Amino acid sequence: MAYDGPGTAADGLRTSDNADMYSGSPDRYDWKLEGKREIYIPYNNFRLADPALSVADVAGKGHINQGLARYEKHRVWKVVGELKSGKRHIYNKRVLYLDEDTWQIALAEHYDNRGELWRVSEGFHVQFTYADTPWYAAEAIYDLNSSRYLIYGLLVDAQQPIEFGFRASKSEYQPAALRHLGSSSPKAPRRRPFPGRRRRTRRKPRTCPGFRPSPACSDYSTVTLFARLRGWSTSVPLSTATW
């Protein structure tokens with residue numbers, strides 16, 4: 001469920017912390033900021049975000065269909081993580097390229113314990129205009145040793161748009177909630193999942209101090225990590241919808 005635990009439904013092609021290009025605690029690595037450069041990264045991938053696409057349209061032999069992918073030359077910040085002494089992870093080194101405009105991880109390199117490049121990842125940026133939020137149309141991770149790749153996060157056959165800013169309650173992760181989901185039927189009348197408790201239908205937007213309301217607010221994010229590497233103050237939590 002964390003660190004280098006196997007990612008779900010991935011056939012061993014990604015770790016748990018490969019989700020969203022990098023997800024979870026950064027505490028197993030020593031991080032270093034290696035400066036800024038201009039490279040081509042996946043950007044404005046609106047064609048790849050088309051829910052009318054099928055998996056067959058996107059998945060090609062050896063790589064995704066490049067007729068759907070789009071790239072732009074952007075300024076990125078290179079962040080390198082070296083595994084700490086005494087810590088364990090299948091990736092001995094990670095290199096992240098953060099887009100200067102969105103602070104999303106656009107590209108990532110993963111090195112094995114021999115110091116050789118093992119896997120590379122692409123995050124296919126797209127701007128969800130209805131939520132004023134940059135996110136991924138899909139993510140791809142390529143295993144250079146096995147010549148296989150995994151693409152996930154696709155919006156194919158999506159029945160409704162992504163809901164940003166969703167907030168769940170702890171009660172939704174209790175056994176009673178699981179029983180309710182298992183007994184639900186499409187034709188059954190809708191009922192409250194937790195008898196005796198009223199479920200709020202309107203929630204106050206979460207606000208980060210000093211920032212406008214945001215879909216997510218975390219003081220333990222890749223953006224915060226980057227700010228600390230730059231020597232910026234992180235006393236005020238940074239707002240991001242990306243990590």
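In what pattern do the elements of the protein chain follow one another along the sequence? From start to end the pattern is β-α-β-β-β-β-β-β-α-α. That comes to 3 helices and 7 strands. Before I go on: this is a predicted model, and the values I quote are computed from it.

Some totals for the chain. There are 243 residues, and 42% of them are buried. The accessible surface is about 14,600 Å², with 51% of that area belonging to carbon and sulfur atoms. Take the contacts between residues at least 6 apart in sequence: 58% of these join residues at least 24 apart.

Now the salt bridges, which are my main topic. Side chains of opposite charge can pair when their charged atoms come close. With a cut-off of 4 Å between the nitrogen and the oxygen, the count here is 12 salt bridges. I will go through three of them.

Let me begin with R88 and D4. Their closest N and O atoms are 2.6 Å apart. Where do R88 and D4 sit in the chain? R88 is in the loop between strand 2, residues 71–83, and strand 3, residues 93–99. D4 belongs to the segment before strand 1, which covers 29–42. The two residues are 84 residues apart, so this pair links distant parts of the chain. Is R88 buried or exposed? R88 counts as exposed, because its relative accessibility is 56% and the threshold for exposed is over 50%. D4 has a relative accessibility of 14%, so D4 counts as buried.

Next, R75 and E100. This salt bridge has its closest N and O atoms 2.5 Å apart. It also links distant parts of the chain: R75 lies in strand 2, while E100 lies in the loop between strand 3 and strand 4, the latter being 105–111. The separation in sequence is 25 residues. Why is E100 counted as buried? Its relative accessibility is 18%, and buried means under 20%. R75, with a relative accessible area of 41%, is partly exposed.

Last, E34 and K32. In this salt bridge the closest N and O atoms are 3.5 Å apart. E34 is partly exposed, at 36% relative accessible area, and K32 is partly exposed too, at 48%. Which residues does the network contain? Salt bridges with shared partners join K32, E34 and K78 into one network.

To recap: the model has 12 salt bridges, and among them R88 with D4 links distant parts of the chain, as does R75 with E100. That is all from me.

Methods: Residues are numbered from 1 along each chain as its sequence is written. This is a predicted model: local features need pLDDT of at least 70, side-chain atom pairs count only at pLDDT 80 or more; totals for chains, interfaces and linings use all residues. Side-chain values use heavy atoms; hydrogens and water are left out. A salt bridge is a side-chain nitrogen of Lys or Arg within 4 Å of a carboxyl oxygen of Asp or Glu. Helices (H or I, at least four residues) and strands (E, at least two) are DSSP runs, numbered from the N terminus. Buried means under 20% relative accessible area, exposed over 50%, partly exposed in between (1.4 Å probe, protein chains only). Contact means heavy atoms within 4.5 Å. Accessible areas come from the Shrake-Rupley method with a 1.4 Å probe; for residues, only the protein chains shown count as cover.
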